[in-house]
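Here is a short report for someone meeting this structure for the first time. Please keep the sequence and the 3D view open while reading.

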Amino acid sequence: MTEHSNSHGRPRPAPRSGADAPGAPEHAPVPRQGGAPAAEATPAARGAAHPDPDPTARDAGVPATPAAHEAHGPADSADRDDEPARRSPGVDADATSAPPAGEAHGPAGTDDDGQGPGPEGRERPAPGGTRRAASGDGADADVPPRGDSGSGRGGGGGIGPADNARERAGTSGGGERLRFVGAATRRIARGIDLDEIVLGLCRATVPTFADAILVYLRDPLPVGDERPVGPVVLRLRRTDRLPEYVQAGEAAGEGEAAAPDPGPELADSAAERCEVRIGGPLAEVLRGVRPVFGDSSAARAALPELLGEGRHVPDRHRTILAPLRGRRRVIGAAVFVRRQDRPAFEGDDLLVAAQLATHTALGVDKAVLYGREVYIADELQRTMLPDSLPQPTGVRLASRYLPAAETARVGGDWYDAIPLPGNRVALVVGDVMGHSMTSAAIMGQLRTTAQTLAGLDLPPQEVLHHLDEQAQRLGSDRMATCLYAVYDPVAHRIVIANAGHPPPVLLHRGGRAEVLRVPPGAPIGVGGVDFEAVELDAPAGATLLLYTDGLVESRIRDVWTGIEQLRERLIDTARLTGPNPPPLEPLCDEVLGMLGPGDRDDDIALLAARFEGIAPSDVAYWFLDPRPQTPRQARRLARRALARWGLEELTDGVELLVSEVITNAVRYAERPITLRLLRTDVLRCEVGDDVPQLPRLRQARPSDEGGRGLYLVNKMARRWGATRLSTGKVVWFELPLPAHGR
């Protein structure tokens, strides 16, 4: 003891504190439940009242302190929705005055102590004289050292397993329990999804608080305020336990055989599924909400129902059954198990189990709600974008969509491909400002409007004009960019109109890539502006790439720098395939491969179109005057075209259907009628006139002289339809080709 000099020059002893101080009151040891010897109560431990001997009683099951009352919650029904959930006070880690070294007493395997495995996989000493060992699934755990000298406890001057277990479990004082609960709740709160939260509970408790843990959750988990229907089913979500060699090493000394301990074996043999019987013992424990010892009367009947019949549960206070209560109802249960060579659970350990169960249950509730939000966002985005792209004759299509981040998977980018009359196809790509649900909703409305306008076969500049008007009706700040193009495989031409969108890039068959010169235009939603369309060549074998600005613009590069990088990327990719154009799907992947770290600031929509076109030799086109002789003339022209293509066996059917459609057009048309036959994978016939009214299929009565033309078309053709145009309409039908004509 250090001596200090007083004013008279005589040495005096240093002042004593606690029980050694003069006049300090003596405290008798507090007895522990189950008859085990109790350790001297520390000031922090004396601050909380000890629980009743019967922890399973409804009103006396926890210490009668405010903290204990809040930790365990009301003993009401687990499914009461009219009373708000009571939050456990927990432990505010920032409010404690424990030094950072106290984190060594926290949960095993956490990174709060800053320790990790040593070099070459060797064990690294952990603070507090413990060593690190791998737990059941590879995580590090604090394992007490064996045979340490200079302790004065245990045989041979070493620290016994029971003493080390007491230190790991925090039973040496209330301050240790507070530090353990603080570190454990931080570990649990770090999880964002269900698996991370449950894993955090397991890592925090094994082996610091228990040697094995079983976590059961409801299946399915209720979401928010929805009330589950049907029986309550608990499914084993995760288990964790100490490795076999750690148990054997601590339980037995050198030359001794380890005694079998069935406690941790529950983690391997417990039932995977349990249906909670209404009014059964497990339902009563879950309704009570409070953790109970495994040897209580309620738990002795509930544990076999939960774990499965025939499972041996450790005796004395070596098991704790803790219901997991979320915001509204009990959503699961956790079982904590200690081995026989460790001290049994004490009454204060029920408070620890209650805190862990409460934080875990609230975390699971948040994870389920977060998962539901992600599901809604994914479904919204998926329904806003096309499930699959059409494959019209003369063009091949491929697409990609990448969200800005996994946590924000909803945005305003979209793409579309819309078949038009005459084997044409409309190619659309757009970008609504923002990444919120509102942006996605506006995108869906604009995409629907674009599809409706495309069905009217309006010119591209007119489509953008109507989209601009629609955006203004949705709100004053609804801004978007859009590029609308129409490809004609017969004429090998493409018409493009732009509304503030990045220009498309055309990759030619020989490997040359060029940025198309398209008037930029103003974004959709500005109002009062005109849009201009340009018509360009679309040679066979060329590939057109439409994209949003997320592909070419980021914090580290501007739009035009990104467009130049895209053009160079296309050239490099085309060199790999030589004179042949690169495959379309790998080309899209190569384009997305140009994105480096930090380039994903925005959503990305990519639409690639490979122009194949239709050869002029496969097209027959005529203008016919609307006269009574026109049907006969049309039959003769169709017969000659079929003979030239070697499709004579289709002559009778084609003549009959062409005659019926031409007759209807002659009856009402005032301007010349168009007749076009196209030979691709099918034989397609198109008849156009200047009458906007679409024909309607109806059932003719026996006394009617007409009305059977479309009925014959519907019966004989593989497909048929009618499309309204800005100058009238087109009625078309398709017939399958014979095997030799394909």
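The sections below cover a helix pair, salt bridges, a surface patch and some backbone features.

## The model

This is a predicted model. Keep that in mind for each value below.

## Two helices that cross

Start with helix H16, residues 651-668, and helix H17, residues 709-716. Their axes come within 9 Å. They cross at roughly 145 degrees. The crossing of H16 past H17 is left-handed.

Which residues meet there? H16 brings Gly653, Leu656, Leu657, Glu660 and Val661. H17 answers with Gly709, Leu712, Val713 and Met716. By type, the residues of this contact split into 6 nonpolar, 2 polar and 1 charged.

## Salt bridges

How many salt bridges does the whole structure hold? A search finds 30.

One salt bridge joins the side chains of glutamate 284 and arginine 287, with 2.8 Å from N to O. Both residues sit in helix H8, which spans residues 281-288. They are 3 residues apart, about one turn of the helix.

## A nonpolar patch on the surface

Now look at the surface. Tyr375, Ile376 and Met437 make a nonpolar patch there. Its area is about 310 Å². Tyrosine 375 belongs to helix H10, residues 347-384.

## Cis peptide bonds

Two prolines deserve a look. A cis peptide bond links valine 206 to proline 207, with omega at about 5 degrees. Where is proline 207? This residue lies in the loop between helix H5 (194-205) and strand E6 (212-218).

Another cis peptide bond links aspartate 219 to proline 220. Omega is about 0 degrees for that bond. Proline 220 is in the loop between E6 and strand E7 (233-241). Strand E6 thus borders both loops, the one with proline 207 and the one with proline 220.

## A positive phi

Finish at asparagine 423. Its phi is near 65 degrees. That is a positive value in a residue other than glycine. Asparagine 423 is found in the loop between strand E13 (413-419) and strand E14 (425-432).

Technical notes:
Residues numbered from 1 in each chain as written. Predicted model: local features only at pLDDT ≥ 70, side-chain atom pairs only at ≥ 80, totals over all residues. Heavy atoms only, no water. Axes fitted to C-alpha atoms, helices over the stretch in contact; angles between N-to-C directions. Helix = DSSP H or I, 4+ residues; strand = E, 2+ residues; numbered from the N terminus. Left-handed = near helix turned anticlockwise from the far one by under 90°. Contact = heavy atoms within 4.5 Å. Nonpolar A, V, L, I, M, F, W, Y, C, P; charged D, E, K, R; others polar. Patch = residues over 30% accessible without salt bridge, like charges linked within 9 Å, V, L, I, M, F, W, Y side chains within 5 Å. Areas by Shrake-Rupley, 256 points an atom, 1.4 Å probe, with all protein chains shown as cover. Salt bridge = Lys/Arg side-chain N within 4 Å of Asp/Glu carboxyl O.
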